[in-house]
2 protein chains.
Amino acid sequence: MTGTLTIIGIGPGQADWIVPAATVALDAATDVVGYQPYLDRIAQRPGQKRHASDNRAELDRARHALAIATGGGRVAVVSGGDPGVFAMAAAVFEAIEAGEPAWRALEVTVIPGISAMQAASARIGAPLGHDFCAISLSDNLKPWEIVQRRLRAAAEADFVIALFNPASKARPEGIHQAFALLRGCKAAATPVAFARSISRPDERIVLTTLADADPAIADMSTLVLIGSSETRFIERPGRQPWLLTPRTYGAGR
Amino acid sequence: MTGTLTIIGIGPGQADWIVPAATVALDAATDVVGYQPYLDRIAQRPGQKRHASDNRAELDRARHALAIATGGGRVAVVSGGDPGVFAMAAAVFEAIEAGEPAWRALEVTVIPGISAMQAASARIGAPLGHDFCAISLSDNLKPWEIVQRRLRAAAEADFVIALFNPASKARPEGIHQAFALLRGCKAAATPVAFARSISRPDERIVLTTLADADPAIADMSTLVLIGSSETRFIERPGRQPWLLTPRTYGAGR
């Protein structure tokens with residue numbers, strides 16, 4: 001008997017940002033596999049087994065999930081944000097690619113979720129209203145040279161830049177180096193947002209500029225957005241401004 | 001009396017990919033504003049007014065919604081995909097920026113949704129597992145030179161590239177020009193996906209390579225994904241292959 005594997009995005013935090021398809025899949029699962037803090041965010045169903053793991057062990061977690069599914073389980077792999085965006089979907093398909101041939105015959109479903117980038121955007125206005133890129137600064141999965149090359153190209157493209165995993169333990173200086181690089185090729189007044197733990201109790205948003213930003217405030221729960229030349233604040237009396245990247249380019253110049 | 005304005009993402013199509021927060025906001029709305037095909041996808045609540053408009057009239061639609069909210073309505077602006085990603089959120093904030101001072105005092109909430117890019121990714125594997133960019137080829141909102149510059153920089157960065165609005169009526173040749181440009185700076189074997197109408201009845205996925213791709217099959221309902229140098233197919237016996245961009249970079253070289 002062959003089971004199924006469903007990779008589920010549970011978004012950044014708030015329960016009413018989880019798509020109903022994810023909830024249905026969680027209800028149907030015999031086994032739920034995930035990083036412990038993500039498992040803590042979802043209700044345990046009666047008779048359901050939970051398999052928690054450390055955040056660093058993504059590939060082990062994926063293999064474990066695939067083995068249970070191959071044995072007949074209906075497995076849900078829980079991912080923060082969107083599983084397709086710097087999250088568990090890639091780990092599962094990497095495990096399949098390198099793993100047992102039987103895994104390629106499995107029924108694998110990905111259920112999308114709200115990524116940290118979208119959550120941040122929703123809270124602060126419309127910073128992603130025009131072309132953008134997403135770059136992970138995560139530690140040891142790629143050479144730092146490729147990060148630098150991508151940041152330079154992103155500045156050359158004048159993309160809005162979303163930085164994921166800005167402050168990994170293995171490379172705490174990465175976010176400082178990224179800001180130093182971007183300060184050399186983007187305007188000082190470029191809007192910057194640090195969006196931490198969006199939709200969780202410790203949510204915190206800091207809006208600033210590239211010149212004034214303190215990269216040290218970014219931790220692993222922070223999504224950093226750096227504007228394009230078109231991104232701007234919309235000031236509001238007595239309230240946090242909105243951040244807008246308009247759909248038009250160069251209209252004001 | 002001042003009302004509220006909520007900008008809601010209803011995703012690419014299937015109802016169980018709409019976050020519950022969106023459904024709650026639709027239930028509470030006195031007025032729903034949106035492009036007719038999006039309104040057709042949601043149930044009308046008793047006593048609720050609907051304001052349909054043409055797809056080109058985004059800014060007019062945003063102003064109309066803001067005027068109703070300023071008059072005391074609880075307005076839901078319905079957007080396909082994620083309102084923050086090439087959709088209605090930017091139009092609303094542009095209207096606020098250029099509009100009446102009273103609009104800046106409104107309670108505006110953005111409820112995120114599943115974008116076409118995420119829907120495509122979920123259906124075909126994990127193509128967005130590493131750094132990526134999103135570029136709209138939409139017609140008349142930016143000079144074509146900036147599109148070219150961004151495509152070149154995206155190739156230089158070796159991003160996975162998501163092309164939104166690939167075939168607008170005003171510029172049907174855009175997608176052909178984009179492919180010609182990318183063929184000049186990326187490998188012929190680079191995987192390409194055309195993901196059309198994902199999660200709608202006319203869903204259609206074509207997986208191919210940069211050399212073999214026929215850009216003419218992309219219409220306005222198509223999201224085009226072009227891989228990085230790391231993106232690859234995972235072949236499956238008798239099934240559509242999966243597409244994977246691994247989390248590591250350069251590991252196999």
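This is a short walk through a two-chain structure, from the interface to a loop in chain A. The model is predicted, so local features need pLDDT of at least 70 and side-chain atom pairs count only at pLDDT 80 or more, while totals for chains, interfaces and linings use all residues. Residues are numbered from 1 along each chain as its sequence is written, chains are lettered from A and ligands numbered from 1 in the order in which they are written, and side-chain values use heavy atoms, with hydrogens and water left out.

Let's begin where the chains meet. Here 71 residues of chain B are in contact with 70 residues of chain A, contact being heavy atoms within 4.5 Å. The area buried between the two chains is about 6200 Å², and carbon and sulfur atoms give 58% of that; buried area is the accessible area (1.4 Å probe) that two parts lose on being put together, summed over both.

The interface also holds 14 salt bridges, each defined as a side-chain nitrogen of Lys or Arg within 4 Å of a carboxyl oxygen of Asp or Glu. The side chains of A:D131 and B:K142 form a salt bridge, at 2.4 Å from N to O. On chain B, the side that touches chain A draws most on α4(B), which gives 7 residues. By class, that side has 42 nonpolar, 11 polar and 18 charged residues. In this scheme Ala, Val, Leu, Ile, Met, Phe, Trp, Tyr, Cys and Pro are nonpolar, Asp, Glu, Lys and Arg are charged, and the others, Gly among them, are polar.

Look next at α4 of chain B itself, residues 88-98. Of its 11 residues, 9 are buried, including B:M88, B:F93 and B:I96. Buried means under 20% relative accessible area, exposed over 50%, and partly exposed in between (1.4 Å probe, protein chains only). Helices (H or I, at least four residues) and strands (E, at least two) are DSSP runs, numbered from the N terminus.

Strands join the chains as well: β7(A) and β7(B) pair in the antiparallel sense over 3 bridges, where pairing requires that DSSP finds at least two bridges. Within this pairing, A:F132 stands opposite B:A134.

Finally, follow chain A into the loop between β7 and α6. A:S138 sits in this loop and is buried, with a relative accessible area of 15%. Leaving aside residues up to four places away in sequence, A:S138 touches A:F164, A:N165, A:S168 and A:R171. A:P143 lies in the loop too, but is partly exposed at 36%.
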